[in-house]
Amino acid sequence: MGVARGAAAVAPRLPRLTPAGLGRAAAAATAALHVGTLVGTVANAALLRRPPAVPPPVRGRLSVLLPVRDEAAHVTACLAAVLASTDVPDLEVLVLDDGSTDGTGDLARAVAAGDPRVQVLDGTPPPPGWLGKPWACARLAEVADGEVLAFVDADVRLAPHALAASAALLRDAGLDLVSPYPRQEAVTTAERLVQPLLQWSWLATLPLRLAERSPRPSLSAANGQLLVVDAARYRAVGGHGAVRAAVLDDVALVRAVKAAGGRGGVADGTDLATCRMYDGWPALRDGYTKSLWSTGGSTAGALALAAGLALLGVGPVVAAAAGSRAGVVGLLAGVASRVVAGRRTGARVWPDAAAHPVSLVVLAGLVVRSVRGARRGTLTWKGRSAVAPP
């Protein structure tokens, strides 16, 4: 008994875990994460590859591949911008009308009339195991004979020098795939809350130079709105056939390229292209819902991502309101990170950056909604399932 009492007397006392102590620890942890994102954003803003402002003419043929499905509101302006490209002496433009019901194909043919550079193809339904967009892209790539392939979405508006600058960046940087991220146009409140998180997410968290060559799936980012790839490397990795069931086929494609020993990643496309991805809350909600379930690699991963986003959004605000210095630091660091990302990518900065905590919570909610839809099998996009059947 005496020995036991003596041992108890000299044993260190463990700190008692109290709600206040847990709150302080959580505030410190979220503050550290926000400071980390700020540091990452500043570093990546400096490292982000910039395409040449005055690119040289493209050597060899460059093929623009444009899959369209019910894009009557966009296809005419998109094609007109592509055909106005400069310094692409051997330009091939392939459009695939993927079962449109709104006259998209007729509009594309009207623009293409008399221009030998343009060919409009009729799409076919995707076979089992394929999603619609990867199938359309694969069909286009089969026909293309360019040495460089540029996949473009219909809601993108290219600057005249965009294609030449993208091709120059691909070659000069020794990359096999490059995704010059277009400037995202955000008009409504919902768009301004969510859309800036696209660029912020990889500017804040992705070590850009390492990500270009690392085969790790988590170190990958891309945007199919404008994606330029070396044709030989594309075919060597299996093209879109290698990512046929991927709802985020752009990210999956850069992962396939890097897994085969290639290099690829994002670059600055702010001055090359613009894109208004969604028009208002319903389109934005449904657009993100169709794909966010796949961002975590699994249901558990996606839900963990949602929980982390919610914590990063709510934690610093609650802590700061309670008088926590760590909460104030976290809140200011998160907003500052958004300011840096916005200025670097041409997004609106004020007052949008001040709503960064709300943006994170809204995105977390969209992730949860997407996971629920995937589990119920109710996710669709433009009349098709957003999950490929086996």
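Contact here means heavy atoms within 4.5 Å. Keep that in mind as you look through these close-ups of a predicted model.

**View A. Val-64 and the neighbours it touches.** Leaving out residues up to four places away in sequence, Val-64 touches Val-82, Leu-91, Glu-92, Val-93, Leu-94, Ala-150, Val-152 and Leu-163. Val-64 is also one of the residues that touch the most other members of the largest nonpolar core, a group of 40 residues. Leu-62, Val-93, Val-95, Leu-158 and Leu-163 share that distinction. Helix α6 (residues 162-172) gives this core its largest share, 7 residues. A second core, separate and made of 31 residues, includes Leu-198, Tyr-288, Ala-306 and Leu-360.

**View B. Strand β1, covered on both faces.** Now look at the strand that spans residues 62-68, where 7 of 7 residues are buried. In a regular strand, side chains alternate between the two faces of the sheet. On one side of β1 you will find Leu-62, Val-64, Leu-66 and Val-68, and on the other Ser-63, Leu-65 and Pro-67, all of them buried. Next to look for is the partner strand: β1 pairs with β2 (residues 91-97) in the parallel sense, over 7 bridges. To find your bearings, start at Leu-65, which stands opposite Leu-94 in β2.

**View C. His-34, buried in helix α2.** Helix α2 covers residues 19-47, and His-34 has its place there. His-34 counts as buried because its relative accessibility is 3%, and buried means under 20%. Which residues is His-34 in contact with, leaving aside its neighbours within four places in sequence? They are Leu-312, Pro-316, Gly-330, Ala-333, Gly-334, His-356 and Leu-360. Leu-360 also appears in the second core of View A.

**View D. A nonpolar patch on the surface.** Here Val-35, Val-39 and Val-329 form a patch, with about 230 Å² of accessible area together. Val-329 belongs to helix α14 (residues 325-345). With a relative accessible area of 43%, Val-329 is partly exposed.

**View E. The salt bridge of Asp-153 and Lys-133.** Side chains of opposite charge can pair when their charged atoms come close. The structure holds 19 salt bridges. In the one shown here, the closest N and O atoms of Asp-153 and Lys-133 are 2.9 Å apart. Asp-153 sits in the loop between β4 (148-152) and β5 (156-158), and Lys-133 in helix α5 (residues 132-143), so the pair ties together parts that are 20 residues apart in sequence. Is Asp-153 buried or exposed? Asp-153 is buried, at 18% relative accessible area, whereas Lys-133 is partly exposed, at 30%.

**View F. Arg-276 and its two acidic partners, Glu-191 and Asp-279****.** Glu-191 forms a salt bridge with Arg-276, and their closest N and O atoms are 2.7 Å apart. This pair links distant parts of the chain, 85 residues apart: Glu-191 is in helix α7 (residues 189-194), and Arg-276 is in the loop between β8 (264-275) and α12 (281-289). The side chain of Arg-276 also meets that of Asp-279 in a salt bridge, at 2.9 Å from N to O. Glu-191 is buried at 0% relative accessibility, Arg-276 is partly exposed at 26%, and Asp-279 is exposed at 55%.

**View G. A network of salt bridges.** Finally, find Arg-61, Asp-90, Glu-92 and Asp-145, which are linked in such a network. You have met Glu-92 before, among the residues that Val-64 touches in View A.

Notes. Residues numbered from 1 in each chain as written. Predicted model: local features only at pLDDT ≥ 70, side-chain atom pairs only at ≥ 80, totals over all residues. Heavy atoms only, no water. Helix = DSSP H or I, 4+ residues; strand = E, 2+ residues; numbered from the N terminus. Buried < 20%, exposed > 50% of the residue type's maximum accessible area, 1.4 Å probe, protein only. Patch = residues over 30% accessible without salt bridge, like charges linked within 9 Å, V, L, I, M, F, W, Y side chains within 5 Å. Areas by Shrake-Rupley, 256 points an atom, 1.4 Å probe, with all protein chains shown as cover. Salt bridge = Lys/Arg side-chain N within 4 Å of Asp/Glu carboxyl O. Core = buried A, V, L, I, M, F, W, Y, C linked by side-chain atoms within 4.5 Å. Pairing = 2+ DSSP bridges.
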